[in-house]
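Hi,

Here is the structure I promised to pass on to you. Could you open it alongside this note? My findings follow below it.

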Amino acid sequence: MRILVVEDYAPLAQSICGTLRENGYAADHVADGEEALAFGQTGNYDAVVLDLMLPKLDGLSVLSKLRAQGIDTPVLILTARDGVRDRVQGLDEGAYDYLVKPFALAELLARLRALIRRRYNTARNTVQIGDLVVDSSARKVTRAGQLVHLSAREFALLEYLASRKGQVVTRAEIWDHVYDFASEPSSNVVDVYIGYLRKKIDHGQASRLLHTRRGQGYLLGEDE
Amino acid sequence: MKRWSLRRRLSLAVVAAVTIVIACFSLVLDAAFERSLWREFDGRLIETARRVAGTLEEAEDGDLEVEPATVPLPEPTDATWFEVWTDRGEVVLRNLPEGQADLQRQPTVLRPIFVDLQSPGGQQARSLQLQVEPHTEAHAEAPPSGRMVTVVVVRDTVTLRQEIADFRKLMAGAGVAAFLLAALLSLLAVRGALGVLDDIGAQIERIDSSHLGDRLKLDDLPSEVVPAGRKLNELLQRLEASFERERRFNEDVSHELRTPLSGLLGILELAAARERTPAEYREAIERATQVTRDMRRLVINILELARAESSALEIRKEPVPLRELVDVTFAAVSDRAQARKLKFTNQVDEAATMQSDAGLMRVIVSNLVSNAVDYTDEGGWITAESAPADGIVVAITDSGPALTSEQRERVFQRFVRLDGARTHGAHHGIGLSLVRALTEQLGLVASAEARQDGAISFVVRTRAQGGAQL
């Protein structure tokens, strides 16, 4: 899952991005409203964390411009004002949720999970494909009751495929949603991680869940 | 001390005035009326006396004869009595009953004499005594003898006194009625006029901290109260503005503190999320320390600003060496200047001093210098100058970026940051508003001025020579 973090106070932005990456998200950071608009317009993000007081273009304007362009990425607003007016205004402009500073990073993560879940129309934090269970909140994966140990990147990849279970996901989509600009660009990095993932979840199992559709992409689902 | 209401004071004053006016008016009216009645009475006495005398005629032999009266003479039943004597004391004519004693006579003098006495009827009466020369026969040839007769007319004054008493009763009744009516009307008038004060009071009472936008309606006020009302409205205006400033200040302070606090919390939570290498911990601690320093500086600036604006500032003036002041303040930020490749020149004269508060001047100059260090484009230059003779205490000029004239004024407002991203939150938009507040307290003026090639100069001047150019 790829998150755009828009925050002009560098120490806070660093902590948010740091904690997102350690939790398997891809995170891009921008520090002003104009950049936020440019990045947000790509539509590649699964969620945007948006501070309201920004240089050049304020957060609410960024939000209303994105919505005006039909970009419906879930937006979590960060505000230092606890006035009701600000919150209502933010939600009116199309924000999905808001957090008042100072907040705990754990709460930020929980809110983001909820936003992304809503985006992919799943009511719960766990996704089940056959005997594979992916638990986003506990960051735990089991196959046939056995715990599968995954790296953060592998988990992020599996989580994205699971959110779109039964659909063919292209390599470009994986690149857009699982990797951020900090990642080393490499043509086969997606294939390499798919290989790691396949080894960990399908190896030694009776049925295979991770399928390759040649020339199209990958699909997570039970045998058809 | 007893507090009398305005209504009570005015009412009493009006009622007292009305009482005095009515009383005086009644007394004057009564005196005039009584006097005129007495005059009329006396006039009738004189007329009666002349009529009586007119019936006497001096014959040629000097005897007095009584002619038949053309107008009937009064009878005792008219409560009027008369008697006429010759100069020898003989009674010539009278209307008193037989056997009745003569009327009372006064010493003989020419002018008429009025005397209050008892009438023959035993009532209070008034008498007139008149010396008259009887007329002679129309065809008489001898000259008149010049003999005089004395006429005395007495008339009861009972009716007159009764009239006067009746009139007084009427006057008293009318006076009391007029008094009551006047008092009632004036009380109503006072109440009506002062009712406006009640309205004003009620209007003012409705104004509290949540209704500071309310104003007294000046159009409805009586003219005497308009200046007070206008003053009150001005006061409310200022109060509302200051409440609004306070509210915004609190909001801004809370915003400026919440963001770094969130950053600090984030750094610590992230570091504690899992086991890390000593290098990672060290980095987290360094970053947390930097954020805490920012917050400390913000808090100090906020407190300084509050103190400067509360005018509770204690100012101790002494000679302040300006060059040394600039050097000391720059030393504190020289690391940052070096990191941003800024060239700093102190052109302040060794001898330049200023009579001012050293501590406050340091706060002012250090804010200007540190501002320049953080905002000047990387690789630029910063210059400090001073020209006390021209009223320029200190001028910190940097190579830019340039600011528009609107921005140059806006930077002195609280919590205005023109570009927050560039300085990583080190500035809180409070430094320059602190500079402005402190310079004002010291009787100085701070301003931002555009220089050639996009350079910008922050100048502190003495007030007297505020117009001097660098």
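B:A446 stands opposite B:V460, a residue of β15(B). The two strands involved, β14(B) and β15 (residues 456-462) of chain B, pair in the antiparallel sense over seven bridges; strands count as paired if DSSP finds at least two bridges between them. Element names follow DSSP runs numbered from the N terminus, with helices being H or I runs of at least four residues and strands E runs of at least two.

Before going further, a word on the source: this is a predicted model, in which local features need pLDDT of at least 70 and side-chain atom pairs count only at pLDDT 80 or more, while totals for chains, interfaces and linings use all residues. Residues are numbered from 1 along each chain as its sequence is written, and chains are lettered from A and ligands numbered from 1 in the order in which they are written.

Back to that pair of strands. They belong to an open sheet of five strands in chain B, with the order β10-β12-β13-β15-β14 and mixed pairing. β10 (343-346) and β14 (444-450) of chain B each have a single partner strand and stand at the edges, so one side of each is left without a neighbour in the sheet. On average, neighbouring strands here are turned by 15° against each other, direction ignored. Helix α5 (residues 322-339) of chain B packs on this sheet, touching β10, β12 (381-387) and β13 (392-398) of chain B, and its direction makes about 170° with that of β10(B). Helix α8 (residues 431-441) of chain B lies across β14 and β15 of chain B, at about 140° to β14(B). For these angles, axes are lines fitted to C-alpha atoms (for helices, over the stretch in contact), and values run from 0 to 180 degrees between N-to-C directions.

Chain A has a sheet to look at too: an open one of four strands, ordered β6-β7-β8-β9, with antiparallel pairing. The twist averages 25° from one strand to the next. Within it, β7 (residues 132-135) and β8 (residues 140-143) of chain A pair over four bridges, and A:V133 stands opposite A:T142 in β8(A).

Finally, how do the chains meet? In all, 21 residues of chain B are in contact with 21 residues of chain A, contact meaning that C-beta atoms, placed from the backbone, lie within 7 Å. On the chain B side, α3(B) gives the most, with 13 residues.

Happy exploring!

How values were computed. Contact = placed C-beta atoms within 7 Å.
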